[in-house]
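Reader: Could you take me through one part of this model closely, the place where its two domains meet? I work at the bench, so please spell out the cut-offs as you go.

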Amino acid sequence: MVNPGEFIEEKVEEIASEVGEKNAVIGLSGGVDSSTAAALAYEAIGDQLTAVYVDTGLMRKGETDEIRETFDYMESLRIVDATDRFLEELDGETDPEAKRHVIGEQFIREFETVAREVDADYLVQGTIYPDRIESEGTIKSHHNVGGLPERIDFDGIVEPMRDLYKDEVREVARALGLEEMISERMPFPGPGLAVRIIGEVTEEKLDVAREANHVVEEELQEYEPWQALAAVIGKATGVKGDNRVHGWVVAVRSVESRDGMTARAQELDWDTLQRMQSRITGAHENVARVVYDVTHKPPATIEYE
Ligand code: XMP
């Protein structure tokens, strides 16, 4: 990328001339990639762009409200509350790839409904360079709206950031004036908290994962990790009050990386680890243990599923 200002100018022109007088849709997740792509495309084509935020029920704490506030200026923003439908579809599903597939499918269904309603001719996506590389591999399938073009015959797919790395996207986001909360935000996977819950997704595990991720994001901000997260990884015995409980084990993970393709587990100080432990075990009556993951990628991946 030459410099963010020139990049924006060039892409805004490109998008405007490609889409012309037609309509476009983009899936907005709250992450830096889709938010930046949406802001770029909105600058190019205004309300011809419909940004669709699907609340899957697998989002971070407070995410939906934040989206509503941040993108309030887009009249065409659509917020779809699909929590019940996602949880129903995920009910009983334990296999990691099957979970991803269910979520991807449901996401496409929700997105397709809006895309047809607004008569969208173009699909804008926040795909970045590492996404394209990782999708070529066979480690795991990445959702986003990958299957949508097979369902709707778009005139074209617009991916203004397809050659950028994450740090370059952040530069563009800052230059576009997006809030720090967005431009500096850690990556969050499309399938959301579902890949931070091993096995079946239940409301209780989701509550634990959501609270624990919130604690980790707050506590580890000062370490400036590439990504920090908490995952519900199983059950173990603990003592809460006078009772033995067979409660959830929450794993905390914090990694440094440039592109997510490889990563190093971060060294954290004991006080920070203990503070997180105390807040996470205190956040829910059924959390029995907190462990810290010291594995690099490879051999582990960043997410748990
Ligand atoms: P892994 O776990 O493969 O993750 O080391 C590498 C980076 O990709 C993110 N990730 C995903 N992003 N859909 C996404 O949009 C997915 O299914 C998905 N799985 C992992 C992960 O958070 C990390 O930044």
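Author: **Where the domains meet**

Between domain 1 and domain 2, 5 residue pairs are in polar contact, both residues at pLDDT 80 or more; a polar contact is a pair of N or O atoms within 3.5 Å, where within protein one must be able to donate a hydrogen and the other to accept it, and residues adjacent in sequence count only if both atoms are side-chain atoms. On the domain 1 side that touches domain 2, α6 (129-136) and α8 (166-175) each supply at least two residues. Helices here are DSSP runs of H or I, at least four residues long, and strands are runs of E, at least two, numbered from the N terminus. The largest share of that side of domain 1, 3 residues, comes from α6. By type, the residues of the side of domain 1 that touches domain 2 divide into 6 nonpolar, 1 polar and 5 charged. In this sorting, Ala, Val, Leu, Ile, Met, Phe, Trp, Tyr, Cys and Pro count as nonpolar, Asp, Glu, Lys and Arg as charged, and the others, Gly among them, as polar.

A word on the model itself: it is predicted, local features need pLDDT of at least 70, side-chain atom pairs count only at pLDDT 80 or more, and totals for chains, interfaces and linings use all residues. Residues are numbered from 1 along each chain as its sequence is written, and side-chain values use heavy atoms, with hydrogens and water left out.

Now for the two partners. The domain assignment gives domain 1 as 4-183 and domain 2 as 202-292, with bounds that come from an automatic or database domain assignment. In the contact between them (heavy atoms within 4.5 Å), domain 1 takes part with 12 residues and domain 2 with 11 residues. The C-alpha centres of domain 1 and domain 2 are 28 Å apart.

You may also like to know how much surface is covered. About 1,100 Å² is buried between domain 1 and domain 2, and carbon and sulfur atoms give 58% of that area. Buried area is the accessible area (1.4 Å probe) that two parts lose on being put together, summed over both.

Charged pairs feature here too. There are 3 salt bridges between domain 1 and domain 2, each a side-chain nitrogen of Lys or Arg within 4 Å of a carboxyl oxygen of Asp or Glu. Elsewhere in your reading of the model, you can look up the salt bridge in which the side chains of E211 and K61 meet, at 3.2 Å from N to O.
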